[in-house]
Amino acid sequence: MKIVAIANQKGGVGKTTTAINLAAALAQQGVRTLLVDLDPQANASSALGCLTEEGGSLYSCLVGADFAAAKVLETRLPNLWCIPSHMELAGSEVSLARNENHLIRLREVLEPLTVLNRWDVCLIDCPPSLGILMTSALSAADGLLIPIQCEYYGLEGLAKIIDLHERICAAGVNPNVTIEGILMTMFDSRTNLSRQVVDEVRRVFEDLVYESFIPRNVALSEAPSHALTVLEYAPNSPGARAYREAAAEFIRRQPAATAEPPATGTPIPEAAGSEGPAAEAAAAEAAAIEAPAAESPAATPATPATPDTTHSGPETQTPVPSPAPPASGMGASPLATTAP
Ligand SMILES: Nc1ncnc2c1ncn2[C@@H]1O[C@H](COP(=O)(O)OP(=O)(O)OP(=O)(O)O)[C@@H](O)[C@H]1O
Ligand SMILES: [Mg+2]
């Protein structure tokens, strides 16, 4: 199970929107996906219909001895599971700080899930701010996916999260965490600024920037109010199409071993490891976890979407941008001294 933290300390850049819709699109494309909602706001949990009572989040695992597997809920979508959040998680910022090894606690909590081998990918929806929850996510992750809004202040936020990534690596907390990618969100083809921001980020980070980008699209902001992912709410919208493309690119970018998504409906394999303390913990967790749905309907292939006529505001008309002209008019870029 590859753990990918969707993180950016800047608020409102599309972390949660990316977490739920990328997770749903990966699941639709046959990838067994676990979404961990680590934001006490619990927006990802509500969008997936996984709101929980007190005690249902990872809080008791982080500060106590509970098993993470016992917190896993099935969602209504095949191939997609969720560990929901609850306001109680906010308390872990304080409780964890008292623990000497607080940065690696989340990694310890998630480790047995990895050994269970029930999921291919675990996406963590991180809270904004540079608190303990977010740094714990970076310390537990194999990869960091950074959504950034196509606005000037998005560049400033990007410089900060890159800096945090370097610190986590340099401090030896999690030297192997890589930058999985940078996903440009809320792209508005009607503004030069969106193109300039994309150009600037591509100039500095080159291939780390996803070719797929997420347009500003009203269906993406409407879907959560119906407690739905955009793939369910408006499957033909530009937003749904963009997240399906981002999911396909995510899969393409994985090393060969995980590049081919497993066939949907394939029985969940047994735990990979059969020896050692991690395997024992996994066995204990396996007993605690509810069996995931045995059969999943065939995955819907990522087909090109037709224009969304239901949500026909100006945002749904966003055309695919043509290659952007050279950046100009950006002034001093906050990325001037930033390197991947
Ligand atoms: N591509 C998009 N087009 C239109 N609206 C969007 C898009 N992406 C996100 N939004 C809207 O922008 C707002 C912020 O998005 P989101 O909650 O995903 O950001 P976030 O980074 O998770 O925020 P926070 O830092 O508070 O957790 C939400 O109202 C969401 O519906
Ligand atoms: Mg969020």
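This report describes the nonpolar core and the helix packing of a predicted model.

## The nonpolar core

The largest nonpolar core of the model comprises 94 residues. Within this core, the residues with the most contacts are Leu-35, Cys-122, Ile-124 and Ala-137. Helix H1 (residues 15–28) supplies the largest share of the core, namely eight residues. In soluble globular proteins, nonpolar side chains tend to be buried together.

Cys-122 illustrates how distant parts of the sequence meet here. Leaving aside residues up to four places away in sequence, Cys-122 touches Met-1, Ile-3, Leu-34, Val-36, Leu-110 and Leu-113.

## Helix H6 and its surroundings

Helix H6 spans residues 132–140, and nine of its nine residues are buried, so H6 is largely enclosed by the rest of the structure. The buried residues include the nonpolar Ile-132, Leu-133, Met-134, Ala-137, Leu-138 and Ala-140, together with Thr-135, Ser-136 and Ser-139. Ala-137 is also one of the core residues with the most contacts.

The elements against which these buried residues pack comprise both strands and helices. The strands are E1 (2–6), E5 (121–125) and E6 (143–149); the helices are H4 (92–97), H5 (102–116) and H7.

## Ser-139 within H6

Ser-139 lies in helix H6. Ser-139 has 20 other C-beta atoms within 10 Å and is therefore buried, the criterion being 20 or more.

Contacts of Ser-139 beyond four places in sequence are made with Leu-103, Ile-104, Leu-106, Arg-107, Ile-168, Val-173 and Asn-174. His-165 is 26 residues from Ser-139 along the chain, and the C-alpha atoms of the two are separated by 9.2 Å.

## Packing of H5 against H6

Two packed helices are described by the angle between their axes and the distance between the axes. For H5 and H6, the axes come within 7 Å and cross at roughly 55 degrees. The two helices are therefore oblique to each other, and H5 passes H6 in a right-handed crossing.

On the H5 side, the contact is made by His-102, Leu-103, Ile-104, Arg-105, Leu-106, Arg-107 and Leu-110. On the H6 side, the participants are Ile-132, Thr-135, Ser-136, Ala-137, Ser-139 and Ala-140. By class, this contact of H5 with H6 has seven nonpolar, four polar and two charged residues.

## Packing of H7 against H8

Helix H7 (residues 152–170) and helix H8 (residues 192–205) have axes 9 Å apart and pack at an angle of about 25 degrees. That angle makes H7 roughly parallel to H8. The crossing of H7 past H8 is right-handed.

From H7, Tyr-152, Gly-154, Leu-155 and Leu-158 meet Leu-193, Val-197, Glu-200 and Val-201 of H8. The contact of H7 with H8 has six nonpolar, one polar and one charged residues; the polar residue is Gly-154 and the charged residue is Glu-200.

## Packing of H1 against H11

Helix H1 also packs with helix H11 (residues 238–252), at an angle of about 65 degrees and with the axes 8 Å apart. This makes H1 roughly perpendicular to H11. H1 passes H11 in a right-handed crossing.

Asn-21, Leu-22, Ala-25 and Leu-26 form the H1 side of the contact, while Tyr-243, Arg-244, Ala-246, Ala-247 and Phe-250 form the H11 side. The residues of the contact of H1 with H11 divide into seven nonpolar, one polar and one charged.

Methods: Residues are numbered from 1 along each chain as its sequence is written. Chains are lettered from A and ligands numbered from 1 in the order in which they are written. This is a predicted model: local features need pLDDT of at least 70, side-chain atom pairs count only at pLDDT 80 or more; totals for chains, interfaces and linings use all residues. Axes are lines fitted to C-alpha atoms, for helices over the stretch in contact, and angles run from 0 to 180 degrees between N-to-C directions. Helices (H or I, at least four residues) and strands (E, at least two) are DSSP runs, numbered from the N terminus. Angles under 35 degrees count as roughly parallel, over 145 as roughly antiparallel, 65 to 115 as roughly perpendicular and the rest as oblique. A crossing is left-handed if the near helix is turned anticlockwise from the far one by less than a right angle, and right-handed if clockwise. Two residues are in contact if their C-beta atoms, placed from the backbone, lie within 7 Å. A nonpolar core is a set of buried Ala, Val, Leu, Ile, Met, Phe, Trp, Tyr and Cys residues joined through C-beta atoms within 7 Å. A residue is buried if 20 or more other C-beta atoms lie within 10 Å of its own, exposed if 12 or fewer, and partly exposed in between; C-beta atoms are placed from the backbone.
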